[in-house]
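Notebook open, new model on screen. I want to see how the inside and the outside of this fold are sorted.

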Amino acid sequence: MTVTATAEAPRVTAGLITVTLPDDGPAMRATWITPDTVIVGFDPRYLTEDLVVMVLQSVHGDGISFVEGVPQ
């Protein structure tokens, strides 16, 4: 899935990866690797990729684009 930001909005690139996270922790974790690039790991036992995209879009609006894996 690829969603692209509009030209007017600040751009953040989020790389989405599926991971197995501890049962007693959050189902999604994020690590910023640059000021405009974040890697988001989510546990597919609890979240779908579509839900992760919805959460991130609710925070960043149209200023976010998504790639699978680690952004280049």
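I started with burial in the helix: Val52, Val53 and Leu56 of H1 come out as buried. I should keep in mind that this is a predicted model.

Next I looked down the axis of H1. The buried residues of H1 sit within an arc of 100°, so they line one face of the helix. Then I checked what is on the face turned away from that buried side, and found the exposed residues Met54 and Ser58 there.

What covers the buried residues of H1? I went through the neighbours, and the cover includes strand E1 (12–18), strand E2 (28–34), strand E3 (37–42) and strand E4 (64–68).

I also checked the helix geometry. H1 runs over residues 49–60, which makes 12 residues. From first C-alpha to last, H1 reaches 16 Å, close to the 16 Å expected at 1.5 Å a residue. Just past H1 I noted glycine 61, with a positive phi near 65°.

Then I zoomed out to the chain. I get 1 helix and 4 strands, and reading along the sequence gives me β-β-β-α-β.

How many of the 72 residues are buried, as a percentage? I have 31% counting as buried. For the surface, I noted about 4500 Å² exposed by the chain, with carbon and sulfur atoms supplying 58% of it.

Last entry, on contacts: I took those between residues at least 6 apart in sequence, and 60% of them join residues at least 24 apart.

Technical notes
Residues are numbered from 1 along each chain as its sequence is written. This is a predicted model: local features need pLDDT of at least 70, side-chain atom pairs count only at pLDDT 80 or more; totals for chains, interfaces and linings use all residues. Side-chain values use heavy atoms; hydrogens and water are left out. Helices (H or I, at least four residues) and strands (E, at least two) are DSSP runs, numbered from the N terminus. Buried means under 20% relative accessible area, exposed over 50%, partly exposed in between (1.4 Å probe, protein chains only). Contact means heavy atoms within 4.5 Å. Accessible areas come from the Shrake-Rupley method with a 1.4 Å probe; for residues, only the protein chains shown count as cover. The expected span of a helix is 1.5 Å times one less than its number of residues. The arc is that of the directions from the helix axis to the C-beta atoms.
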